Amino acid sequence: MASKSSTTACEEFSGAMFGGASSIAAFDDVPDDFELPEGSVKKGEKYFKKYCSQCHSIYPDNRITRGGQTQLGPTMFNVYGRASGLEEIQNKQGTDRVDNVLWLEAALMNYMKNPRVMASGRVQMNFSGIKDFQTRVDIVHYLKTLDWNNHEVANPPEKPASFAPVRWFSKS
């Protein structure tokens, strides 16, 4: 005779799909009245390069500028204060995206901690999340600088021609 359990098989294993956390309880370090603590933009830029830049650009035109980038996700330029799902993504097969989110401090912190829970499991990223609270704080501080006031990012140099002979002749 099977023992009775208070959880169903679905409930028991659902956490595995989301990195062990199957509910909004995964975000217990970001309360409803969350205020972003002090952080370092410089460290945030370093962490962004480590964790995010493989798939996300920082430029308005979503250009890639480093080897190894795949440009699958939306640009992080002007992400702070933007509604989810507004920017184009390069991964046309990835139709499932986070819905009904305004990207402010708490939402960004939660998404970086566990994107699959935030997206109800509907996200195609090879990224399990960043557990360290201060690392996420620093990245949010950096993301807040990626706007039209940051002239270096907002006005990048013109893209070089993709056809090599055009580049060669333009140098002479």
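**Figure 1. Tyr111 in the predicted model.** Tyr111 has a relative accessibility of 18% and therefore counts as buried, the limit for that class being under 20%. The structure shown is a predicted model. Tyr111 is one of the buried residues of helix α3.

**Figure 2. Helix α3 and its cover.** Helix α3 spans residues 105-113, and eight of its nine residues are buried, so the helix is largely enclosed by the rest of the structure. The buried residues are Glu105, Ala107, Leu108, Met109, Asn110, Tyr111, Met112 and Lys113. Their cover includes α4 (115-118) and α5.

**Figure 3. Packing of helix α2 against helix α5.** Helix α2 covers residues 41-51 and helix α5 residues 133-143; their axes lie 7 Å apart and make an angle of about 100°. That angle makes α2 roughly perpendicular to α5, as the class runs from 65 to 115 degrees. By class, seven nonpolar, three polar and three charged residues make up the contact of α2 with α5. On the α2 side the residues are Val41, Lys43, Gly44, Glu45, Tyr47, Phe48 and Tyr51. They meet Thr135, Asp138, Ile139, His141, Tyr142 and Leu143 of α5.

**Figure 4. Aromatic pairs, with Phe48 and Tyr142 in view.** Four aromatic pairs are found in a search of the whole structure. In one of them, the ring centres of Phe48 and Tyr142 are 5.5 Å apart and the planes stand at 55°, so the pair is tilted. Phe48 belongs to helix α2 and Tyr142 to helix α5; with their positions 94 residues apart, the pair links distant parts of the chain. Both Phe48 and Tyr142 are buried.

**Figure 5. The pair of Trp103 and Tyr111.** Trp103 and Tyr111 form an edge-to-face aromatic pair, with 5.3 Å from centre to centre and 75° between the planes. Trp103 counts as buried, at 10% relative accessibility. Its partner Tyr111 is also buried, at 18%.

**Figure 6. The whole protein, for orientation.** The protein has seven helices and zero strands, in the order α-α-α-α-α-α-α along the sequence. Of its 172 residues, 37% count as buried. The exposed area is about 11,200 Å², of which carbon and sulfur atoms supply 53%. Among contacts in the protein with a separation of 6 or more, 52% come from residues 24 or more positions apart.

Key: Residues are numbered from 1 along each chain as its sequence is written. This is a predicted model: local features need pLDDT of at least 70, side-chain atom pairs count only at pLDDT 80 or more; totals for chains, interfaces and linings use all residues. Side-chain values use heavy atoms; hydrogens and water are left out. Axes are lines fitted to C-alpha atoms, for helices over the stretch in contact, and angles run from 0 to 180 degrees between N-to-C directions. Helices (H or I, at least four residues) and strands (E, at least two) are DSSP runs, numbered from the N terminus. Angles under 35 degrees count as roughly parallel, over 145 as roughly antiparallel, 65 to 115 as roughly perpendicular and the rest as oblique. Contact means heavy atoms within 4.5 Å. Ala, Val, Leu, Ile, Met, Phe, Trp, Tyr, Cys and Pro count as nonpolar, Asp, Glu, Lys and Arg as charged, and the others, Gly among them, as polar. Buried means under 20% relative accessible area, exposed over 50%, partly exposed in between (1.4 Å probe, protein chains only). Accessible areas come from the Shrake-Rupley method with a 1.4 Å probe; for residues, only the protein chains shown count as cover. Rings of Phe, Tyr and Trp (its six-membered ring) pair if their centres lie within 6.5 Å; planes under 30 degrees apart count as stacked, over 60 as edge-to-face and the rest as tilted.
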